[in-house]
Amino acid sequence: MHAGNIYSALCAWLVSKSQGGRIVLRIEDLDRARSRASYANQAMRDFEMLGLTWDSGPVYQSEREEAYRESFARLEQLGLTYPCFCTRADLNAQSAPHEGDASRRVYGGACRRLTAAQRATKARERAREGRAAAVRVAVPDERVAFCDLIQGGVEQRLPSDCGDFVVRRADGGFAYQLAVVVDDAAAGVTSVVRGCDLLEVTPQQIYLHEALGLRTPDYAHIPLLCAPDGRRLAKRDRDAELGTLMARCGSPEAVLGHIAYIGRLCEEDVPVTADELLAAFSLEGFCERVAGVRSITFDA
């Protein structure tokens, strides 16, 4: 793990424990090609070393396919899904950049407009090529608004800000957006504390919660920890990874204290345990210190 992963887990742990809640550990291993049991086991050992224990789990998404299939079938029954035959090149050509963020592209809905006959023809062509279609959820012309505990009011107009989104990939696997909604409901999750990189997809998840008749949890999107050059920390770049931090700081308590200090959870950069942070933690105070903040520079 890197400092951003630890910061996110620490914030979730402090928010939950300070409110008398319970922590659910979920292993999000939907991407079979990139997920290994050894990675999950290492993450759990790291959490234990840092004192970030959990109350239930681990729940492995790779073992939850039947639950996703049932919810997917419900969306089909509601008439909310359609097959998408677009290639990556098609998507790049058809999708429009989101206003103010050229890296985000909104699906234009080309396959939504196909007739039944056209879909049948496309499906046969795909079958001859040995490929299947992805499946998207058709979003209505509505706005989804919610109040984030940290980022304040958030609103999206689904067609222009979100677009029809994938719930089952072309390889047959279920998409993250559907899986987390189903898993949150199954585990009784009432509060989701996570990084700002997932703020923009939250309206999609809220829409799925409502479509499936599930309770929508409260959300708190914390700032992302970024490298000094402005990049968000990433595992692939080996940014501020735990092993490096342990070598520099010397102990789990010093690592936790350093991350907590930079993340505005405490006022001094000193070694501290998770329980000591919890004893001094104020949810209201933390929310005030990071209100509206999307990123914080992390200097290892």
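This text follows the cysteines and then the salt bridges through a predicted model.

The count of disulfides comes to zero. For Cys-226, the closest cysteine sulfur belongs to Cys-196 and lies 9.8 Å away, which is too far for a bond, because a disulfide requires the two sulfur atoms to be within 2.5 Å. Cys-266 is likewise in no disulfide, its nearest cysteine sulfur being that of Cys-11, at 11 Å. In their surroundings, Cys-226 counts as buried, at 9% relative accessibility, whereas Cys-266 is partly exposed, with a relative accessible area of 22%.

Salt bridges, by contrast, number 13. One of them joins Glu-48 to Arg-45, with 2.8 Å from N to O, and both residues belong to helix 2 (residues 37-50), where their spacing of three residues separates them by about one helical turn. Glu-48 is partly exposed, at 40% relative accessible area, and Arg-45 is partly exposed as well, at 41%.

Another salt bridge pairs Arg-112 with Asp-164, their closest N and O atoms being 3.2 Å apart. Arg-112 sits in the loop between strand 5 (101-106) and helix 5 (116-128), while Asp-164 sits in the loop between helix 6 (158-162) and strand 9 (165-168), so this pair ties together parts that are 52 residues apart in sequence. Here Arg-112 is partly exposed, with a relative accessible area of 39%, but Asp-164 is buried, at 5%.

Finally, Glu-28 and Arg-26 form a salt bridge whose closest N and O atoms are 3.2 Å apart, and these residues are linked with Asp-184 in a network of salt bridges. Glu-28 is partly exposed, at 39% relative accessible area, and Arg-26 also counts as partly exposed, at 22% relative accessibility.

Conventions:
Residues numbered from 1 in each chain as written. Predicted model: local features only at pLDDT ≥ 70, side-chain atom pairs only at ≥ 80, totals over all residues. Heavy atoms only, no water. Buried < 20%, exposed > 50% of the residue type's maximum accessible area, 1.4 Å probe, protein only. Salt bridge = Lys/Arg side-chain N within 4 Å of Asp/Glu carboxyl O. Helix = DSSP H or I, 4+ residues; strand = E, 2+ residues; numbered from the N terminus.
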